[in-house]
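User: Please examine the structure shown here and answer some questions about its helices, sheets and charged pairs.

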Amino acid sequence: MRQGDPGDAMYILASGILRVVARDPSGDEVVVGRVEAGDPVGEMQAIVGGVRLATVIADAPCELVKLPRSAIDRIGGDTPQVLDALTNVARRRLQRSQLAGMLPAILGPVDIEVIHELEKKIEWVIVRRGEAPFRQGDECNGWYVVASGRLQVVVVDADGREEVVGEVGSGEGLGEIALFTGEKRTATPYAMRDTVLVHFSKDAFEEVLFQYPRALMSITKVLAKRMMASMSGRGSQERAVSVAVLPAGRGAPLAEFSRGLAEALGDWEATTLHLDSRRLSTLGVLDNASSLPEDHPNWLRFAAWFEEQYLNHGYIVLETDDRPTGWSHRATGVADQVVIIADATASPEPGEVERALTSSTRATDPRRARRTLVLVHPPETKLPSGTGEWLSRRDVDAHHHVRAGDQADIARVARALSGRAVGVALGGGGARGFAHLGVVKALREMRIPIDYIGGTSMGAIMAGQISLGLSLEEIYDLNRRIISTNPFSEYTVPMVAMLATTRIEQSARTSFGDTMIEDLWINYFAVSSNLTTAEMVIHDSGPVWEATRASGSIPGIAIPVAKGMHLLVDGGVVNNLPGDVMRTRCGGLVIAVNVSPEEELPVSEEGLPSQWRIFWNRVLPFQSKRIDAPNILDILMRTTTLASASRSAQVARSVDLYLQPPIDSYGMLEFEKMEELIECGYTYTMEAAAGWKGPRC
C-alpha cells in the first residue's frame, strides 16, 4: 500500500518484515514503524475508511492475509472484541506516528528502535478545554510534551490575581522548571482547546536527558523564548483562528452561514479551510466522522492532522452537524471560538445541539471559548426585535444581526471573530456633534466599515441613529424635525437644572422609539456618569432613548436621569471620547472622532466684565461692540468635559485613526448649523482618512 491510496482492506503479516514510511509536510520520507509477523497493517482505514497515511514496504519476502473491509464489518458485528482489539492496535500505531513526527525536533534524529523504546516510558494524556494536567503548587510528577492542541500558562500571585505568562503549542514541552529545581509547580497550564500530551515521568525525563544531550539544548531554547515573550508582554501566539459554527435550533441556516463565513474570512489574503463531516471524508482524513465515538483512536489522527492545518491556514471554519454527533463535539472542542447561528424568527430556546455542545462555564472564565450569537433575519427586516429573549436564555460574549443572504453582514461578523473589526468612538460636543454625520458619510464612501459604534453625549445620540440602519438622508431629516422643536429652550425654575427635559426626552423618543440597544443592527454603547458613585456607566442594553438621554444630561442644564437609587448625567464628565471603551469592545481597530476643541470660551478683554454690563450689552440696541463673554450655558457645558480632557488626549495617542474636524468656530448650541457641520466633518475626513490601512468593505 502507498500513502494516499484508498483504505479498502487490512492485512495481517504471516511472515517477513514490513517497513512503514510516511512523508512529512516538507516532502521528506520518515520511517514511522515496523510490522512483524502476527501484526496487522492498514487496520485503521479498514475500520473507519479514509486514505492510507503511510507507504508500507517489504524489507524481506512476506506473506500476508488480506481482509476486505466488508469482511471486517461482518466480523465486528459477530465478534465485537475483535474490533476492540484492532482499535487498540490502531491507537498505539497512531501514537507511535505522532512520536516519530515530534521527537526529532526535541531529541535530534531518532530511529524507529528509539521510538519503540520511548513508547514504554511515556503516558498519553488527554486534556479537555479549560482543564489542566497539573496546577501551581502541585508536586512535580514529570515532563509533558504537547502532541496536539494548545495551553495557556497562568500564574497566581499572593493576592489571588491571575496573570497569563505564555502559551505552549504543539511540539513544545512544559513542566521543565520544577524538574530542574526540584520545587513545586510554578504555574498552571490550562488547555485552550482539546489537547493531547505525552507525559514522561521524572525517571524517564532524566534518562532522556542523559541519552540525548540535544534535548537539554532544545528545552533551554524554549525556556529562553518564553522568558523573552513574557518580558515583552507578547506571549506565543499562533496565526490561525478556528471557529466552530453550531445551530441554535431547527431551521438555523448552518451550512449557508458557514460557507459565507469561510468566504468572508478568505477575502483577506489568508487561506481558509471550511470543514464539515463530509469534507473530512473527501480529504481522506476520516470517514463516518459523525458516528465515531469520543474515545475512538482516529480522533488522534484528526488531532495530528488538525495541527498541520494551523500551520497552513489563516482561518478554519468547523461546521458541526445538525445533531450532537462525535464530529460536533470534536469541532467545538478544538475551536478557538464558537458561533451559535439562529433563525431569528424561530423560538429563542436553545436546541438539542446547543445544549449538548455549550457547557455551563460562565463567560467570565477566560479559558472558555468565546461564544457569539448570530441572529439571521429575513432580508426585508427593517429593525430586529426580541433580541433580549435570545440573550437571556444563553451565556454569550457577543451577538450580531445578519440579514439572510447579505454577505456584507456576514463579513461584519467575520471581522469581529478575527480581530479585524472597526470600532468608531464619537465624542461629545453639543451641536458640533453633527460633524460626526459628515465623518460617517466619508467613511462609507471610502468603504471603511463600521462594525461597532458608541459615544458620549451628542456622540452617543449620533451613534445610536447610525446603528438604526437608516440612510444618512433619513438621519438628516430626523434631526431637522428634532431641531425644529428647539428642545434646549424649555427653561424651568432652576432648582435642579436650568432646563425642563420634556422636549429633550421627547426628541430622544422621536429618534429611537422603544428600540432596545440589543436590537440595533450595529453593536452600540453609550457612556454616562454616575453622580452617586462617581463612576463611568456603559449602556449596552435597554432602551436606546434612555441611554442617550442619560449620556447627554449636562449637569446644571438638564435634569439628571434617575436609575434606581442613582443619578446619571452627561458621560463627558468622566469620558468624553470613549476610544478606550471601544478598544475593549471591538477587539480590533479603533477610530476616534473628537468634536471638542482643546481651548474654548476665550474672552475679549482681561478678566470678565460685570454681569450687569454683559446683560445690558446683550439687550440694548445699537451697541458699538459685542462683549465676547460666555454665558452660563456655555460655562456649564464646557465644565462638563474638563475632567475628561486629559483622558481624551490619551485616547488620541492610542487609537488607530484619530479625527478632529475643524469646527472650533461653531458654538455648542448652534444646532441650526447642522448642514455646515456635516459638510465640515465630511470634507475633513475625506482627506484625513485617505491613507487608512485597515479593512475595507
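The questions and answers below concern a predicted model.

User: How is helix 10 oriented relative to helix 11: parallel, perpendicular or oblique?
Analyst: The axes of helix 10 (residues 298–312) and helix 11 (residues 326–334) come within 12 Å and cross at roughly 40°. Angles under 35 degrees would count as roughly parallel, and 65 to 115 as roughly perpendicular. The crossing angle therefore makes helix 10, relative to helix 11, oblique.

User: Is the crossing of helix 10 and helix 11 left-handed or right-handed, and which residues of helix 11 make the contact?
Analyst: The two helices, helix 10 and helix 11, have a right-handed crossing. From helix 10, the contact involves Trp299, Phe302, Phe306 and Tyr310. The residues of this contact divide into six nonpolar, one polar and one charged. On the side of helix 11, the contributors are Gly326, Trp327, Arg330 and Val334.

User: Which strands stand at the edges of the open sheet with the order 3-2-5?
Analyst: Three strands form this open sheet, and their pairing is antiparallel. The twist in the sheet averages 30° from one strand to the next. Each edge strand has a single partner strand, so one side of it is left without a neighbour in the sheet; the edges are strand 3 (29–36) and strand 5 (55–58).

User: What is the bridge partner of Leu18 in strand 5?
Analyst: Strand 2 (residues 17–23) and strand 5 run antiparallel and are joined by four bridges. In strand 5, the residue that partners Leu18 is Ala58.

User: Which strands form the edges of the sheet with the order 7-13-8-11?
Analyst: This is an open sheet of four strands with antiparallel pairing. An edge strand here pairs on one side only, and that describes strand 7 (122–127) and strand 11 (173–174).

User: Which residue of strand 13 stands opposite Val125?
Analyst: Strand 7 pairs with strand 13 (residues 195–200) in the antiparallel sense, over six bridges. Within strand 13, the residue standing opposite Val125 is Leu197.

User: How many residues apart are Asp8 and Arg52?
Analyst: Asp8 and Arg52 form a salt bridge, with their closest N and O atoms 4.0 Å apart. Asp8 lies in the segment before strand 1 (9–15), whereas Arg52 lies in the loop between helix 1 (43–48) and strand 5. The pair thus links distant parts of the chain, with a separation of 44 residues.

User: How many salt bridges does the count come to?
Analyst: To be counted, a side-chain nitrogen of Lys or Arg must be within 4 Å of a carboxyl oxygen of Asp or Glu. By this rule, the number of salt bridges is 25.

How values were computed:
Residues numbered from 1 in each chain as written. Predicted model: local features only at pLDDT ≥ 70, side-chain atom pairs only at ≥ 80, totals over all residues. Heavy atoms only, no water. Axes fitted to C-alpha atoms, helices over the stretch in contact; angles between N-to-C directions. Parallel < 35°, antiparallel > 145°, perpendicular 65-115°, else oblique. Left-handed = near helix turned anticlockwise from the far one by under 90°. Contact = heavy atoms within 4.5 Å. Nonpolar A, V, L, I, M, F, W, Y, C, P; charged D, E, K, R; others polar. Pairing = 2+ DSSP bridges.
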